Amino acid sequence: MAEKTVLSVAIDGPGGAGKSTVAKAAAKELGLIYVDTGALYRAVGVNALRNKLDTKDEKAIKKMLKTTNVELKYIDGVQHVFLNDEDVSTEIRTPDASMAASDVSAIQIVRDFLFDTQRNIAKKNNCIMDGRDIATVVLPDAQVKIFLTASAEVRAQRRFLELQQKGSTDTYEKVLEELKQRDYQDSHREIAPLKPAEDSIIVDTSEMPLDESIRTVVNLIKEKM
């Protein structure tokens, strides 16, 4: 029998572009599984921080991975991230976790460690997967490839408001500086740098309200369904 075709949608882009929010909403509307790959790297980064490791120390991270288990579980349709059987879905969303994720994601053994987890989900499910190298590395054969972006200032403002709602006292200037630092790290790393795939559709959300961003992405996916 012919193998059933599984729909894969790859959404890449820098931090604060709205990838997770847009991908999650689009997946819900289209009945697809949403996979936030950045959450996996954040979990590894959190584990390194908990163990008081240098998040750029490849040898230390390699040793840590021997006792690290990261899983994505879907509870009532919502993705939860488990680190060694503990739900860390909230802890991974801090600025420290974000920078730690950027550091560990530049280490090849970490990428290898999480690679099969990401691909296996896509093999078995119609899904929207977001991250920074989905279209270029993880799912190069995805039927839909989108690079979601926005200006650094707009992205920083979105992140600043999000953090404020969580009680953070970080200033907008600090958020912008950290975002630019992560942008630089992600786009200049030797391994799987952040960049659009040659056949990705660029969607700039700088001037788009959220509902328009979601509608744009949903329509792009529907064209391929």
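**Group meeting: exposed loops, two cores and a helix pair**

Let me start with Lys-52, which counts as exposed because its relative accessibility is 76%. Before going further, I should say that what we are looking at is a predicted model. Lys-52 sits in the loop between helix 2 and helix 3, and although this residue is not a glycine, its phi is positive, at about 55 degrees. For context, most residues other than glycine have a negative phi. Asp-85 is another non-glycine residue with a positive phi, in this case of about 70 degrees, and its place is in the loop between strand 4 and strand 5, the latter covering residues 86-87. With a relative accessibility of 60%, and the cut-off for exposed being over 50%, Asp-85 therefore counts as exposed too.

From the loops I would like to move to the interior. In soluble globular proteins, nonpolar side chains tend to be buried together. Here the largest nonpolar core has 34 residues, and the members that touch the most others are Val-44, Ile-61, Val-70, Val-81, Val-110 and Met-129. Several elements supply at least two residues each, including helix 2 (37-50), strand 3 (70-75), strand 4 (78-83) and helix 5 (108-124), and of the contributors it is helix 2 that gives the most, with 7 residues. A second core, separate from this one, holds 20 residues, with Ile-11, Ala-27, Ile-146 and Val-218 among them.

Helix 2 deserves a closer look. Of its 14 residues, 11 are buried, so that the helix is mostly covered, and the buried set includes Leu-40, Ala-43 and Val-44, but also Arg-42 and Asn-47. Its end C-alpha atoms lie 20 Å apart, which agrees with the 20 Å that 14 residues should span at 1.5 Å a residue. Val-70, when residues up to four places away in sequence are not counted, touches Leu-40, Ala-43 and Val-44, and beyond these also Val-81, Phe-82, Leu-83, Phe-113 and Leu-114.

How do helix 3 and helix 5 pack, and at what angle? The angle is about 25 degrees, with the axes 9 Å apart, and since angles under 35 degrees count as roughly parallel, helix 3 is roughly parallel to helix 5. On the helix 3 side the residues are Ile-61, Lys-62 and Leu-65, and they meet Ile-109, Val-110 and Phe-113 in helix 5. By class, this contact has 5 nonpolar residues, no polar ones and 1 charged.

Finally, I turn to three buried positions elsewhere in the chain. Ala-23, in helix 1 (residues 19-30), counts as buried because its relative accessibility is 0%. Its C-alpha lies 8.9 Å from that of Val-218, although the two residues are 195 apart in sequence, and its contacts outside the four nearest places in sequence are Ile-11, Tyr-34, Ile-128 and Asp-130.

Gly-16 is found in the loop between strand 1 (8-12) and helix 1, and at 14% relative accessibility this residue also counts as buried. Leaving out residues up to four places away, Gly-16 touches Arg-155, Arg-158 and Arg-159, while its C-alpha is separated by 8.3 Å from that of Ala-152, 136 residues apart along the chain.

Thr-149, which belongs to strand 7 (residues 144-149), counts as buried at 17% relative accessibility. Apart from neighbours within four places in sequence, Thr-149 is in contact with Pro-14 and Ala-17, and with Ile-202, Val-203, Asp-204, Thr-205 and Ser-206.

Methods:
Residues numbered from 1 in each chain as written. Predicted model: local features only at pLDDT ≥ 70, side-chain atom pairs only at ≥ 80, totals over all residues. Heavy atoms only, no water. Core = buried A, V, L, I, M, F, W, Y, C linked by side-chain atoms within 4.5 Å. Buried < 20%, exposed > 50% of the residue type's maximum accessible area, 1.4 Å probe, protein only. Helix = DSSP H or I, 4+ residues; strand = E, 2+ residues; numbered from the N terminus. Contact = heavy atoms within 4.5 Å. Axes fitted to C-alpha atoms, helices over the stretch in contact; angles between N-to-C directions. Parallel < 35°, antiparallel > 145°, perpendicular 65-115°, else oblique. Nonpolar A, V, L, I, M, F, W, Y, C, P; charged D, E, K, R; others polar. Expected span 1.5 Å × (residues − 1).
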